[in-house]
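Please open the model in a viewer and follow the selections below in order.

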Amino acid sequence: MTSSAVLNGQKTIHTAACLIIGDEVLGGKTVDTNSSFFAKYCFSLGIELKRVEVIADDEAEIIEAVRRMSSKYDFVVTSGGIGPTHDDITYESIAKAFGLKLNLHLPAFERMKRLSKPHPMQAQFDWDTPSPRLTAKLRMVELPYDESLPEEQQAVFVADDTWVPIAIVNGNIHILPGVPRLFERLLEHLKPSLLPRLTNPEGKGIYRYMISTPLPESTVAPYLSDLAARTSSRGTKVGSYPRWGKQRNTVTLVGTDKEFMDSLVPEVERNVQGKMVSKEDELDPPSDEEGEAKEYSQ
């Protein structure tokens, strides 16, 4: 019988979810930018991001969330909770979620020794001498381990100049650090391995068309409701977004069928008395300050 981990690792990637783990985010100490980056990342690849959650460094919550997300979505990433301190429990919790043990990942440990720079305050640190500092560092390379799978399917190194691996659990959960610079860098380098599993292997993303309209939402709502019903079977989503304090609102078409969406634009422009724009504020009248500056420049 083929395990769920193998099947999940072979699926075509249609959907994604992002789990942000960290008390510091929920407490307002740290601003989460990783979910925003991941949303843009998925959009560029044509992956439909279905869910983003922020949870505490709490074992029970991590276990519940990763089990649920792994069962519902094709590509899951977690961010945070894999550092050297006592409250970094992501690896341990995700291992428990799938009945796995933690195992020292020797390739990651060797890369850590070779590529990490000693802290100025740890001048006497020795990789070969047991110490509390070494124990703390080892927490970052003790990964969930599935004895039924080859090691190379459970952790991947995507950047040659960093020792940090992307641990993969149950075939579709990708455990990433919370540090935005690392999170973004690792995802970018992971992209080539994802492309063959996308609906569109060329990695063409989702298209978003914006139509600027002077009409209020209540006026265009009946037409947009009809349009949404007519286009949903073609995978096109219709959106309407008020721009508070502005004279123009925005209607959007989002989907992967560019030719079909192109054919809709004239109809939408006509029915909302609008025009397709590349930026929401493209047709906004100049503000008073902008008008004065233009007048003085003439």
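The tour proceeds from the domains to a sheet, and then to the helices.

Begin with the whole chain, bearing in mind that this is a predicted model. Colour residues 1-197 as domain 1 and residues 207-277 as domain 2. The centres of domain 1 and domain 2, taken over C-alpha atoms, lie 38 Å apart.

Next, select the six strands of the open sheet, which follow the order β2-β1-β3-β8-β7-β6 with mixed pairing. The edges are formed by β2 (48-55) and β6 (155-156); each has a single partner strand, so one side of each is left without a neighbour in the sheet. At the β6 edge, display strand β7 (residues 166-169), which pairs with β6 in the antiparallel sense over two bridges. Within this pairing, V156 has I166 of β7 as its bridge partner.

Now add α5, which packs on the sheet and touches β1 (15-21), β3 (75-79), β7 and β8 (173-176). The direction of α5 makes about 165 degrees with that of β8. Helix α8 (residues 180-194) is the next selection: it lies across β3, β6, β7 and β8, and runs at about 165 degrees to β3.

Finally, show helix α4 (residues 59-72) together with helix α5 (residues 90-97). Their axes come within 8 Å and cross at roughly 55 degrees, which makes α4 oblique to α5. The crossing is right-handed. Which residues meet here? From α4, display E59, I62, I63, V66 and R67; from α5, display T90, E92, S93, I94, K96 and A97. By class, this contact of α4 with α5 comprises five nonpolar, two polar and four charged residues.

Key:
Residues numbered from 1 in each chain as written. Predicted model: local features only at pLDDT ≥ 70, side-chain atom pairs only at ≥ 80, totals over all residues. Heavy atoms only, no water. Axes fitted to C-alpha atoms, helices over the stretch in contact; angles between N-to-C directions. Helix = DSSP H or I, 4+ residues; strand = E, 2+ residues; numbered from the N terminus. Parallel < 35°, antiparallel > 145°, perpendicular 65-115°, else oblique. Left-handed = near helix turned anticlockwise from the far one by under 90°. Contact = heavy atoms within 4.5 Å. Nonpolar A, V, L, I, M, F, W, Y, C, P; charged D, E, K, R; others polar. Domains from an automatic or database assignment. Pairing = 2+ DSSP bridges.
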